[in-house]
Amino acid sequence: MSNRLEGRTAVVTGAGGGIGLATSRRFATEGANVVCVDLDAAAGEKAAAEVGGQFVQADVSDEAQVKVVFEQAVERYGRVHVAFNNAGISPPDDDSILDTGLEAWDRVQRVNLTSVYLCCKYAIEHMRSAGGGSIINTASFVAVLGSATSQISYTASKGGVLAMSRELGVQFAREGIRVNALCPGPINTPLLQELFAKDPDRAARRMVHIPMGRFGEADEIAGAVAFLASDDASFITASTFLVDGGISAAYVTPL
């Protein structure tokens with residue numbers, strides 16, 4: 001493993017599990033100081049201990065708490081070089097627009113979209129004064145295609161993350177701040193497992209559309225995040241970075 005992130009500080013939200021945990025591990029392996037942010041104190045503390053980083057408990061949909069996250073990262077490590085804004089939810093009551101209530105809609109928007117807005121806002125503040133940085137926002141392949149098995153608020157929130165990332169990437173490009181939207185396909189994480197365990201038919205219906213014939217793994221996404229965080233991606237900003245096993249490009253899949 002390379003040391004592309006040696007001496008850099010990376011803030012990871014949703015670090016306690018899934019893609020966030022896999023990325024925290026990958027960042028640490030590549031030499032970064034990792035600030036692990038999670039609402040779940042036990043999971044977040046465990047992740048930080050594993051990677052030798054700092055744990056900050058926060059509800060990332062709350063502005064005051066997000067502000068503190070970045071202040072603590074700078075206080076401990078001097079500056080923030082990378083922000084991986086990854087925290088998100090996909091609850092079962094977010095379904096078809098015909099069935100999803102306003103409370104479920106608002107809750108998903110707050111966690112999936114407002115949190116990314118807030119984390120970008122405070123990351124950019126610190127990165128501007130320090131001369132640059134890399135922001136990676138977790139969107140999704142559902143931001144670029146439609147599905148008849150809808151999670152309407154989740155889909156809308158990820159479309160918002162994609163559009164916002166593109167705009168920020170353009171706005172701050174000449175200040176040395178790169179902003180990219182990572183768009184994973186279906187990934188074998190506890191979140192996906194929980195969702196599909198409740199509806200195996202939905203899982204099977206989705207699996208057939210993935211050309212590779214499998215869900216991705218969190219470590220595969222972590223590799224893409226580490227690339228976007230590093231100088232290897234120095235000419236990549238405002239991008240829709242798809243890591244989806246080909247699903248967004250498929251008309252039909254192999255037999």
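**View 1. Asp-38 and its bridge partner in strand S3.** In S3, Asp-38 has Gln-57 as its bridge partner, and Val-37 stands opposite Val-56 in S3. Strands here are DSSP runs (E, at least two residues), and helices are likewise DSSP runs (H or I, at least four residues), both numbered from the N terminus. Strand S2 (residues 33–38) and strand S3 (residues 54–57) run parallel and are joined by 4 bridges. The chain travels from S2 through helix H2 (residues 41–51) to S3, making a right-handed β-α-β crossover. Right-handed is used when, with the strands pointing away from the viewer, the path from the first strand over the helix to the second runs clockwise.

A word on the model you are looking at: it is predicted, so local features need pLDDT of at least 70 and side-chain atom pairs count only at pLDDT 80 or more, while totals for chains, interfaces and linings use all residues. Residues are numbered from 1 along each chain as its sequence is written, and side-chain values use heavy atoms, with hydrogens and water left out.

**View 2. The open sheet of 7 strands.** Follow the order S3-S2-S1-S4-S5-S6-S7, with parallel pairing; two strands pair if DSSP finds at least two bridges between them. S3 and S7 are the edge strands, each pairing on one side only. From one strand to the next, the twist averages 20°, an angle between N-to-C directions of axes fitted to C-alpha atoms, on a scale from 0 to 180 degrees.

**View 3. Strand S6 and its neighbours.** Why is strand S6 (residues 177–184) largely enclosed by the rest of the structure? It is because 8 of its 8 residues are buried, that is, under 20% relative accessible area (exposed is over 50%, partly exposed in between; 1.4 Å probe, protein chains only). Ile-177, Val-179, Ala-181 and Cys-183 cover one side, with Arg-178, Asn-180, Leu-182 and Pro-184 on the other. S5 and S6 run parallel, joined by 6 bridges, and Ser-134 stands opposite Arg-178 in S6. Together with H5, these two strands make a right-handed β-α-β unit. S6 also pairs with strand S7 (residues 240–243) in the parallel sense over 4 bridges, where Thr-240 in S7 is the bridge partner of Ala-181.

**View 4. Leu-145 on the surface.** Leu-145 sits in the loop between strand S5 (133–138) and helix H5 (152–171). With a relative accessible area of 30%, Leu-145 is partly exposed.
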